[in-house]
Amino acid sequence: MKVRQGVVVAALGIALMGCGVQPTGVIGAGEPASGPTRGMRLYFASDSGLRGVPLLDKEVKDLNAVVKLLAAGPPPAEQRNGLTSLVQLGGYSVTGTGTRVTVRLDGPYAESGRDQGTGQLVCTLARAQSVLDPKVRTDDVEVTLRPSGSAALGPYRCAEFLNG
């Protein structure tokens, strides 16, 4: 009987000690996660690159409306934080199907295609397409700019324009 009690006490003692994993201190794992998250965002230019600003007070139902909001510039609070819009388009028409978005421009495109203004357009439209079509991931969207009278630019993905 004493042997049986000893075995039970030993088993309980082992169980109370836990699984043997010792606590550790803080382990550095680098920077917090970055990149696109869910929800509509407009991307604006800053000295440190593009920054996404959540679009909280407006519901957007099509890509043309998103470009109009982007061209209007950031809200005053974001302007005070150094954000601006470099998007300057004349007439345009935006269509999106699945992972493809096309911006048809009335006239030439003044930018190089590798600048922050183009990045604003690409990242904002990629985000918008993924919000409007939830089966589409922002990272998978390709945006092509088609100026009238010149060669198409792109397709571009947002990741090409994000610092990091």
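1. Strands E4 and E5 run parallel and are joined by six bridges. Within this pairing, valine 101 stands opposite valine 143 in E5. The model under discussion is a predicted one. Valine 101 and valine 143 also appear among the residues of the largest nonpolar core that touch the most other members.

2. The parallel pair belongs to an open sheet of four strands, ordered E3-E4-E5-E6, with mixed pairing. The edges are occupied by strand E3 (91-97) and strand E6 (153-156); each has a single partner strand, so one side of each lacks a neighbour in the sheet. Direction ignored, neighbouring strands of this sheet are turned by 15 degrees against each other on average.

3. On one side of the parallel pair, E3 and E4 run antiparallel and are joined by seven bridges. Tyrosine 92 has leucine 105 in E4 as its bridge partner. The hairpin formed by E3 and E4 has two residues between the strands, and in it glycine 98 adopts a positive phi near 60 degrees.

4. Threonine 102 lies in strand E4. Its relative accessibility is 17%, and threonine 102 therefore counts as buried, the limit being under 20%. Neighbours within four places in sequence left aside, threonine 102 is in contact with Ser93, Val94, Thr95, Thr144 and Arg146.

5. The pairing of E5 with E6 is antiparallel and extends over two bridges. Here valine 143 stands opposite tyrosine 156 in E6. Valine 143 is thus named in two pairings, since valine 101 also stands opposite this residue of E5. Proline 155 has its place in strand E6 as well, and the peptide bond leading to proline 155 from glycine 154 is cis, with omega near 10 degrees. A colleague inspecting the backbone may wish to view this bond together with the E5 and E6 pairing.

6. Two helices are described relative to the sheet. H2 lies across E3 and E4 and runs at about 130 degrees to E3. H4 packs on the sheet, where it touches E3, E4, E5 and E6; the direction of H4 makes about 125 degrees with that of E5.

7. Which elements give two or more residues to the largest nonpolar core? This core has 32 residues, and Val94, Val101, Val103, Leu121, Leu125 and Val143 touch the most other members. The contributing elements are strand E1 (41-44), helix H2 (63-72), strand E4 (100-106), helix H4 (116-132) and strand E5 (142-147). H4 provides the largest share, six residues.

8. Leucine 121 is one of the core residues that touch the most other members. With residues up to four places away in sequence not counted, leucine 121 touches Val67, Leu70, Val87, Leu89 and Leu145.

9. Is cysteine 123 buried or exposed? The residue is found in helix H4, and its relative accessible area is 1%, so cysteine 123 is buried. Not counting residues up to four places away in sequence, cysteine 123 touches Tyr43, Leu50, Cys158, Phe161 and Leu162. Cysteine 123 and phenylalanine 44 are 79 residues apart in sequence, while their C-alpha atoms are 9.5 Å apart in space.

10. A pair of aromatic rings is described by the distance of the centres and the angle of the planes. The count comes to one aromatic pair. The rings of tyrosine 156 and phenylalanine 161 have centres 5.6 Å apart and planes at 75 degrees; the pair is therefore edge-to-face, for which the angle must be over 60 degrees. Tyrosine 156 is buried, with a relative accessible area of 5%, and phenylalanine 161 is buried at 11%. Phenylalanine 161 is also among the residues that cysteine 123 touches.

11. For the chain as a whole, the secondary structure comprises four helices and six strands. Their pattern along the sequence is α-β-β-α-α-β-β-α-β-β. Of the 164 residues in the chain, buried residues make up 33%. Among contacts between residues at least 6 apart in sequence, 64% join residues at least 24 apart. The exposed area of the chain is about 10,400 Å², of which carbon and sulfur atoms supply 55%.

Terms used: Residues are numbered from 1 along each chain as its sequence is written. This is a predicted model: local features need pLDDT of at least 70, side-chain atom pairs count only at pLDDT 80 or more; totals for chains, interfaces and linings use all residues. Side-chain values use heavy atoms; hydrogens and water are left out. A nonpolar core is a set of buried Ala, Val, Leu, Ile, Met, Phe, Trp, Tyr and Cys residues joined through side-chain atoms within 4.5 Å. Buried means under 20% relative accessible area, exposed over 50%, partly exposed in between (1.4 Å probe, protein chains only). Contact means heavy atoms within 4.5 Å. Accessible areas come from the Shrake-Rupley method with a 1.4 Å probe; for residues, only the protein chains shown count as cover. Two strands pair if DSSP finds at least two bridges between them. Axes are lines fitted to C-alpha atoms, for helices over the stretch in contact, and angles run from 0 to 180 degrees between N-to-C directions. Rings of Phe, Tyr and Trp (its six-membered ring) pair if their centres lie within 6.5 Å; planes under 30 degrees apart count as stacked, over 60 as edge-to-face and the rest as tilted.
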